[in-house]
Amino acid sequence: MRLITQAKACGYQFEITAMKNFSKFAVIGGSGAFLFLGGEFGKEIGARKIKTPFGVSSPVHFFETDNFSFAFLSRHGEKGYEIAASFVNYRANIWALKEIGAERIIAWTGPGIINTRFKVGDYLLPSDLIDETKGRKYTFFEKRGLGFIRQSPVFCTQLKSSAKEAMKTLKIPCHFKGVYICTEGPRLETPAEIRKFKLNGGDVVGMTLIPECFLARELEICYMPICYLTNFAEGVNKRNFKKGVLFEGMQREREREKVNNVQRKFPKIIKEIIKTAFSDERDCHCKDSMLRYKKAGIIDKNWRSWVKIKNKI
Ligand SMILES: [Zn+2]
């Protein structure tokens with residue numbers, strides 16, 4: 001196959017055996033995403049782990065439903081919360097999605113609330129990001145002169161419009177503006193950190209969107225997250241310590257039930273967004289984020305050659 005030949009020429013291999021395992025749409029699922037692998041996304045037509053220059057990706061599943069198809073990857077594992085956000089191989093996952101032809105990624109994530117205009121169980125399409133992570137692999141372009149990619153708007157506006165329309169169609173209330181602070185984890189934040197984040201303009205706090213969204217843009221993939229809000233962050237509301245449960249008392253029983261309910265709607269929401277966006281041609285900045293370098297002849301159309309690959313896999 002032509003793609004395998006190209007990949008081998010770049011010094012690595014990947015495991016795609018059938019052309020049907022390509023999809024222009026990809027979904028990255030957050031905590032609990034593995035629960036939906038049992039059929040709620042439609043008919044599964046295949047699954048692959050993909051070898052990339054940055055290691056092996058999480059399994060990529062391919063689904064067909066209502067006359068369209070998409071790929072799905074569970075960020076934290078396939079059986080439970082097996083990999084904390086700090087240790088996800090973001091580069092392998094984003095590379096793998098590019099490899100299977102993804103042009104647009106919808107990501108879901110469950111941050112905590114800093115700004116009390118939000119409630120537990122609300123949906124939010126965030127509008128901006130602040131990086132408070134400390135030691136992740138932020139770029140595909142190590143030891144190259146590539147970079148200076150503009151981050152405003154930081155998320156794909158076209159995909160966000162489709163998501164807004166989809167939420168309206170489904171009559172699901174949703175916020176469209178909010179700043180997501182991404183922390184390193186895997187621990188939760190201290191009260192003083194949350195106060196600092198609030199002063200810095202943060203509305204919600206989570207651990208997953210960085211570097212995922214920046215890596216997607218480096219490979220000219222549209223990226224848009226949907227947040228479901230899981231709890232009030234430390235110190236925002238008074239919560240007694242509770243031993244031996246998730247968030248140790250920061251999430252009340254009734255809030256947990258609410259969160260479970262909003263999580264269950266994700267397959268429906270995701271399918272509606274893809275259905276809304278499926279026939280659109282991409283008309284956004286994301287697809288040309290590397291155009292300046294292409295025009296200058298610094299890189300060519302073969303995106304696999306944009307990275308310096310040290311070790312053959
Ligand atoms: Zn875009």
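Q: How many nonpolar, polar and charged residues does the lining of the largest cavity have, by class?
A: By class, the lining has five nonpolar, two polar and one charged residues. Here nonpolar covers Ala, Val, Leu, Ile, Met, Phe, Trp, Tyr, Cys and Pro, charged covers Asp, Glu, Lys and Arg, and the others, Gly among them, are polar. Keep in mind that this is a predicted model: local features need pLDDT of at least 70 and side-chain atom pairs pLDDT 80 or more, while totals for chains, interfaces and linings use all residues. Residues are numbered from 1 along each chain as its sequence is written, and side-chain values use heavy atoms, with hydrogens and water left out.

Q: Which residues line the largest cavity, and what is its volume?
A: Rolling a probe the size of a water molecule over the atoms shows where empty space is left. On a 1 Å grid over the protein atoms alone, a cavity is a set of points where a 1.4 Å probe fits but cannot get out; a pocket is an open set with protein on both sides within 12 Å along at least five of seven lines, and lining residues have an atom within 4 Å of a point. In this model there is one cavity of 30 Å³ or more. The largest cavity has a volume of about 40 Å³, and Pro153, Phe155, Cys156, Thr157, Arg217, Cys284, His285 and Cys286 line it.

Q: What about the largest pocket: which residues are closest to its centre?
A: They are Ser31, Tyr81, Gly110, Leu246 and Phe247, out of 33 lining residues. The largest pocket has a volume of about 790 Å³. Two elements, strand S12 (204–206) and helix H6 (253–264), give two or more residues to its lining. H6 supplies the largest share, four residues. (Helices, H or I with at least four residues, and strands, E with at least two, are DSSP runs numbered from the N terminus.) Sorted by class, the pocket lining has 15 nonpolar, 15 polar and three charged residues.

Q: Which residues coordinate the zinc ion?
A: Look for donors: N, O and S atoms within 2.8 Å of the metal (3.2 Å for Na, K and Ca). Here the SG atoms of Cys156, Cys222, Cys284 and Cys286 coordinate the zinc ion at 2.3 Å. Along the chain, these donors follow the spacing C-x65-C-x61-C-x1-C. One pair links distant parts of the chain: Cys156 sits in the loop between strand S10 (128–132) and helix H3 (157–169), and Cys222 in strand S13 (residues 222–228), 66 residues apart.

Q: Why is the arrangement around the zinc ion tetrahedral?
A: Because the four donor atoms subtend angles of 96 to 117 degrees, and four donors count as tetrahedral if all angles lie between 85 and 135 degrees.

Q: Is Cys156 buried or exposed?
A: Buried, at 1% relative accessibility. Buried means under 20% relative accessible area, exposed over 50%, partly exposed in between (1.4 Å probe, protein chains only). Cys222 is buried too, at 1%. In helix H2 (residues 90–99), 10 of its 10 residues are buried, including Arg91, Trp95 and Glu99. By contrast, Phe278 is partly exposed, at 35%.

Q: How many disulfides does the structure hold?
A: Zero. A disulfide is a pair of cysteine sulfur atoms within 2.5 Å. The sulfur of Cys213 has its closest cysteine sulfur in Cys182, 8.6 Å away, so the two are too far apart for a bond. Cys182 is buried at 0% relative accessibility, and Cys213 is buried at 3%.

Terms used: Grid points are joined across faces, edges and corners, and a volume is the space filled by probe spheres set on the points. Four donors count as tetrahedral if all angles lie between 85 and 135 degrees; four count as square planar and six as octahedral if opposite donors are over 155 degrees apart and all others between 65 and 115; anything else is irregular.
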